[in-house]
Amino acid sequence: VVSYTLGDDPTVRQTSLAVDDATTLDDIRLQVCTQRRVTADNEFDLQVDDVDGETMTARLVVRRRSGTDRLAFDAIKGTVLFGAKAAVEAGSPERVLDADEAETSIGITFTVNRCDPHAVGETTRKYGLDVYVAAGDIEAQRIDVPVDEFVPRFDEMLAHCKERTGQ
């Protein structure tokens, strides 16, 4: 059921919409519920080791707060401006937090993908780290890892790229 108003008329009207296929809604629910459960049970902490020009080396540390789900860290992605590459390939034992483990650490290298004015001006998400995590028997879902405290570092890298390319 959808409630709505028309223009300046404050009268609330209702209608219903038939949903023949809820697959998309089920996919969204799975993603949101998995993200909530995984982030409630585990802390995701990005730790920067070094910034050198247009490259930043870091470690994604995942610490278990509660729960016993086996976590497999599949895809690790940055943004249009900053690529993120894990030090070990998906499927490696180093990209798994087994049920009996309290913590794991995955090395990640960020590099500037683009610093041209079009990309910088048009992108809606300049900085970010998405980790796709399979929890237990649930297929991998996207977890947004907070990077706010490292924005100045990303800005340094972007400035270095702009200087190198004469922008």
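About 30 Å³ of space lies in the largest cavity of this structure, which, keep in mind, is a predicted model. Setting the bar at 30 Å³ or more, you'll find one cavity in the structure. How does a program spot such a space to begin with? Rolling a probe the size of a water molecule over the atoms shows where empty space is left.

So who sits around the hole? The lining of the largest cavity is made up of Arg-37, Val-38, Asp-41, Asn-42, Arg-64, Ser-66, Asp-69 and Leu-71. Sorted by class, that lining comes out as four charged, two polar and two nonpolar residues. Helix 1, which covers residues 23–41, gives the largest share of the lining, with three residues.

Stay on helix 1 for a moment, since Gln-31 lies there too. Is Gln-31 buried or exposed? Its relative accessibility is 17%, and the cut-off for buried is under 20%, so Gln-31 counts as buried. Leaving out residues up to four places away in sequence, Gln-31 touches Gln-141 and Arg-142.

Now hop back towards the start of the chain, to a pair of strands. Strand 1 (residues 2–6) and strand 2 (residues 9–15) run antiparallel, and four bridges join them. Want a landmark for the pairing? Look for Tyr-4, which stands opposite Arg-13 in strand 2. Strand 1 and strand 2 form a hairpin with two residues between the strands. In that hairpin, Gly-7 takes a positive phi near 55 degrees.

Key
Residues numbered from 1 in each chain as written. Predicted model: local features only at pLDDT ≥ 70, side-chain atom pairs only at ≥ 80, totals over all residues. Heavy atoms only, no water. 1 Å grid on protein atoms, 1.4 Å probe; cavity = no way out; pocket = protein on both sides within 12 Å on 5 of 7 lines; lining within 4 Å. Points joined across faces, edges and corners; volume = space filled by probe spheres on them. Nonpolar A, V, L, I, M, F, W, Y, C, P; charged D, E, K, R; others polar. Pairing = 2+ DSSP bridges. Buried < 20%, exposed > 50% of the residue type's maximum accessible area, 1.4 Å probe, protein only. Contact = heavy atoms within 4.5 Å.
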